[in-house]
Amino acid sequence: MTKPLKNYFDSDFVSRLADELVGVYPLFDSVGFHKAVINKDWEDRELKGRMRHISVSLGVFLPEYEVAVELLKIIAPKFNGFTAMVFSDFVEVHGLDAPDISLDALEHFTRYSSAEFAIRPFIIEYEEQAMKRMLVWSKDENHHIRRLSSEGCRPRLPWAMALPKYKKDPSPVLPILENLKNDESEYVRRSVANNINDLTKDNPDIALEIARSWFGNSTKTDWILKHGMRTLLKKGDQEALRIFGFNEKVNAKVSDLNLSEVEVKIGEELQFDFKITNLDLKKSSLKVGYMVGYVKASDKVSEKIFHVSELTFEPKQTVSFNKKLSFKDLTTRKHYPGGHYLFIAINGKEMARVHFEVTG
């Protein structure tokens, strides 16, 4: 069984953290700290709740912030992954009134686990200072620090404090992305792509301008753009498709769209298959996807787009596809009975549609 994420912060971790702190600060009350953290509410706390509780408790048992940060810097290299995020979280909780010290600390801590969440209150409170520092970070030799410069200012970073100002005007973010567009690290490039994908949702014109400027410069930037423009490409945005070489005019057909069942129960799977034929007398690049119309609790329909493939079809070539849809309830999607539909799209254009029923 997979270990619950919250259990990365467990009693053993708290003991280990306390022992490391005693090693650099003998006055640290490891027994009292452990008792304060692993209290009666501990088991009910989830991942971020446990991390925040540890951060708050560290503030009680460590000396003043400036000294505490230096002690945590010493022991941070002995931790990594989820658990090392507690050091950046400590900065977020206790260091907002000391931006110079805190930004230095986040630069240090992000080497061991990302400070992408902790940096955001500083962007809001000290925008000019924080973004100036992040622009410098975008040229750092350490790829973890470079990634923070992009990931930390994503307008729509999941599970993080929102940056509504950058949803409206992302211009402070753009020079950072420009510095990272040919980054040697895929880890960094993936963050740049996700940042661009955030832009497509609030500022599609800016994202399209970036795509027009970058596309074709290098394999690295092309990869970033393909991933970063995925939302617009899935939606069939014609300008995005044109930039990537997909013609607005589709000379192809969909045939033999078949469902394994016309009714599917919640919790089960639905198989479907179809064929695509290139009707052109020359090679054609086709972006194949499908959209499902899901019935919601309100009886309204919400459409979800799925990517299938990007293929270069030979003249008159036919390719068969076989896919499946799961109707198991997820934390991100709950299914409801009612009439659903599925359609196949080529280069963003609907080519064939079929209806089916979901039952409880």
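## Terms and basis of the model

Ala, Val, Leu, Ile, Met, Phe, Trp, Tyr, Cys and Pro count here as nonpolar, Asp, Glu, Lys and Arg as charged, and the others, Gly among them, as polar. This is a predicted model, in which local features need pLDDT of at least 70 and side-chain atom pairs count only at pLDDT 80 or more, while totals for chains, interfaces and linings use all residues. Residues are numbered from 1 along each chain as its sequence is written, and side-chain values use heavy atoms, with hydrogens and water left out.

## The second largest pocket

A pocket is an open set of points, on a 1 Å grid over the protein atoms alone, where a 1.4 Å probe fits and protein lies on both sides within 12 Å along at least five of seven lines; its lining residues have an atom within 4 Å of a point. The second largest pocket has a volume (the space filled by probe spheres set on the points, which are joined across faces, edges and corners) of about 280 Å³. It is lined by 14 residues, and Asn197, Lys201, Thr231, Lys234 and Lys304 are the closest to its centre. By class, this lining holds nine charged, three polar and two nonpolar residues.

## The largest pocket

The largest pocket, with a volume of about 520 Å³, is lined by 19 residues, of which Leu47, Phe82, Met85, Phe117 and Trp159 lie nearest its centre. Twelve residues of the lining of the largest pocket are nonpolar, three are polar and four are charged.
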